[in-house]
Amino acid sequence: MNLFFHIGRYFILLRRVFAKPEKFSMYFRQILFEMNSLGIGSLGLIAIISVFMGAVITIQTAYNITNPLIPAYTLGFTTRESIILEFSPTIVSLILAGKVGSNISSEIGTMRISEQIDALEIMGINSASFLILPKILAAIIINPFLIVISMFVGIAGGYVIGVYTGACTSYNYILGIQSFFIPFNVFYSLFKTAIFAFIITSVAAYHGYYTSGGALEVGRASTKAIVYTSILILITNLIITKLMLY
Amino acid sequence: MLEIKNIVKTFGDRPVVQDVSFVFHPGKTNLVIGESGSGKTTILKLMVGLHLPTSGSVLFDGRDFTAMKGKDQQTVRKEIGMLFQAGALFDSMTLEQNVKFPLDMYTNLSEKEKIERVNFCLSRVKLEGSNKLYPAELSGGMKKRAALARAISNNPKYLFCDEPNSGLDPKTSIIIDTLIHSITQEFNITTIIITHDMNSVLEIGENIMYLYKGKNWWAGNKKDILHSNNEELNNFVFASDFMKQVFKGAQSKT
């Protein structure tokens with residue numbers, strides 16, 4: 001019953017979030033602010049994670065390729081496919097769920113307990129829409145760009161470690177990342193990134209928006225937001241993959 | 001004029017506000033006083049629409065706020081300014097952005113006009129030159145004054161103050177009280193203050209409602225309080241022996 005209560009309240013909140021804004025220019029300004037805050041602010045973290053992720057995939061693949069009949073370019077090909085299809089969109093989104101999700105939940109939760117949301121309501125502003133909609137739109141716009149950067153950095157990381165450790169030659173790695181490229185895979189990856197962005201922002205915002213009590217509850221809401229967002233990302237990932245790839 | 005009529009509010013089976021009616025006058029500091037748990041904050045939240053009453057109505061110049069929806073309610077809300085107990089300033093914004101926020105949302109003033117209005121409001125609460133400070137950089141009293149500047153920035157007809165003196169020293173409390181009182185008179189605002197600070201009551205109480213166990217138990221002004229025979233009111237106002245002494249002194253003078 002508790003689950004249905006939360007699902008119902010989540011969709012009621014979404015209905016308020018997607019109501020007509022009071023003033024478009026103010027929302028537009030907020031979207032730009034959130035794109036900078038949620039997106040650009042995560043760039044460094046994503047770059048670091050991606051470069052190590054690409055490097056580890058390359059080493060692990062090289063470690064498992066022992067058959068001399070397997071072409072030498074397989075290393076680059078496997079790294080590219082792993083990063084584009086799964087690691088960049090899903091793993092980076094899971095990490096963003098932790099960073100951005102907890103940020104959103106605690107920010108909105110703190111606004112709730114310090115009566116800032118009440119202040120917005122009393123001013124006649126739809127607080128759900130004003131606080132949450134710019135975050136959702138900003139993440140849906142900016143996250144695919146972050147994932148594209150993650151893909152490039154991850155593949156570059158694989159290249160550096162592959163060539164440096166002697167696992168493959170520069171020529172073979174580049175040949176691998178150029179082989180059997182399917183553009184639809186990038187579309188699939190960016191599509192699910194956008195869906196994950198929606199989940200990260202809306203679920204985290206939901207937990208923050210309905211926080212009650214004090215600082216302890218803000219922390220709890222933040223933890224819940226990360227847990228539920230991560231689970232939802234994994235489930236959605238499975239569904240989208242089944243529908244779009246197989 | 002703001003009027004509440006036969007307001008009832010229950011949470012589950014627990015009645016918090018019981019059939020309360022009162023008229024709040026424009027240009028006057030209207031006070032709602034009472035012990036903790038007497039229903040003061042609930043009454044305030046009912047008036048500003050943060051709670052829905054179980055029954056009864058809230059009339060803003062004859063317009064029934066409780067029966068309104070959507071745009072009509074928003075129209076009334078634009079006429080409301082509110083000073084929260086802890087200020088409720090937006091942490092991520094500077095004072096200037098905080099005070100300008102209602103103007104950005106609801107007016108078509110030019111940026112220059114908005115900044116002029118912001119500067120006027122900040123100077124009115126004696127915070128001139130603090131435009132670029134963030135709420136975290138302010139003291140408790142400064143936060144209250146900044147929140148008051150934001151509350152009056154859009155020329156409200158109604159100003160609600162939820163315990164404006166809580167957490168402040170007596171001197172700062174008097175400054176805040178005097179400020180609210182003078183702004184009320186200057187702009188002919190209907191001001192409603194929720195408080196249990198007796199200094200405020202005796203200083204600026206022009207129209208007072210005393211709530212006791214969720215009921216309108218007594219009404220009058222600051223002079224009437226000194227001469228009231230209402231036992232519950234006297235127990236509340238003159239809770240300490242010291243206040244009783246002050247009370248006797250004040251009574252002998254009037």
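Two strands pair if DSSP finds at least two bridges between them. The views below are of a predicted model.

**View 1. Six strands of chain B form an open sheet with mixed pairing.** The strand order is E6-E7-E8-E3-E9-E10. Strand E6 (80-83) and strand E10 (215-220) of chain B are the edge strands, and each pairs on one side only. From one strand to the next, the twist averages 20°. Inside the sheet, strand E7 (residues 158-162) runs parallel to strand E8 (residues 190-195) of chain B. The two are joined by 5 bridges. Look for Asp162(B), which faces Ile194(B) in E8(B). Helix H5 (residues 140-152) of chain B lies across E6 and E7 of that chain. Its angle to E6(B) is about 175°.

**View 2. Four strands of chain B form an open antiparallel sheet.** Here the order is E2-E1-E4-E5. Strand E2 (14-24) and strand E5 (63-64) of chain B stand at the edges. Each has a single partner strand, so one side of each has no neighbour in the sheet. Strand E1 (residues 2-11) of chain B has two antiparallel links to follow. With E2(B), strand E1 of chain B shares 7 bridges. Lys9(B) stands opposite Val17(B) of E2(B). With E4(B), E1(B) shares 5 bridges. Glu3(B) has Leu59(B) in E4(B) as its bridge partner.

**View 3. Helix H1 (residues 40-48) of chain B lies across E1, E2 and strand E4 (55-60) of chain B.** The helix crosses E1(B) at about 115°. Strand E1(B) is paired antiparallel with E2(B). E1(B) also runs antiparallel to E4(B).

**View 4. E4(B) and E5(B) form a hairpin with 2 residues between the strands.** The strands pair in the antiparallel sense over 2 bridges. Phe60(B) has Arg63(B) in E5(B) as its bridge partner. In this hairpin, Asp61(B) takes a positive phi near 50°. Most residues other than glycine have a negative phi.

**View 5. Asn6(B) and Ala88(B) each have a positive phi, though neither is a glycine.** The phi of Asn6(B) is about 50°. This residue sits in strand E1 of chain B. Asn6(B) is partly exposed, because its relative accessible area is 40%. For Ala88(B), the phi is about 55°. Ala88(B) lies in the loop between E6 and helix H3 (95-106) of chain B. At 4% relative accessibility, Ala88(B) is buried. Which of these two settings is a strand? It is that of Asn6(B), in E1 of chain B.

**View 6. Chain B is divided into two domains.** Domain 1 covers 1-79 + 156-219, and domain 2 covers 91-155. Taken over C-alpha atoms, the centres of domain 1 and domain 2 of chain B are 23 Å apart. How many residues of domain 1 of chain B are in contact with domain 2 of chain B? There are 18, and they meet 13 residues of domain 2. The two domains of chain B bury about 1,300 Å² between them. Of this area, 70% is on carbon and sulfur atoms. Lys78(B), Pro156(B) and Leu179(B) supply 37% of the area that domain 1 of chain B buries against domain 2 of chain B. No other three residues supply more.

**View 7. Cys161(B) is buried, and its sulfur is too far from the closest cysteine sulfur for a bond.** The relative accessible area of Cys161(B) is 0%. Why is there no bond from Cys161(B) to Cys121(B)? Cys121(B) has the closest cysteine sulfur, but it is 14 Å away, so the two are too far apart. A disulfide needs the sulfur atoms within 2.5 Å. By this rule, the count over all chains is 0 disulfides. In chain A, Cys168(A) is also buried, with a relative accessible area of 10%.

**View 8. Ser202(A) is buried within helix H8 (residues 183-209) of chain A.** Its relative accessibility is 2%. What does Ser202(A) touch, leaving aside neighbours within four places in sequence? Ser202(A) is in contact with Tyr10(A), Leu14(A) and Ile136(A).

Note on methods: Residues numbered from 1 in each chain as written. Chains lettered and ligands numbered in written order. Predicted model: local features only at pLDDT ≥ 70, side-chain atom pairs only at ≥ 80, totals over all residues. Heavy atoms only, no water. Contact = heavy atoms within 4.5 Å. Axes fitted to C-alpha atoms, helices over the stretch in contact; angles between N-to-C directions. Buried < 20%, exposed > 50% of the residue type's maximum accessible area, 1.4 Å probe, protein only. Domains from an automatic or database assignment. Buried area = accessible area lost by both parts, 1.4 Å probe.
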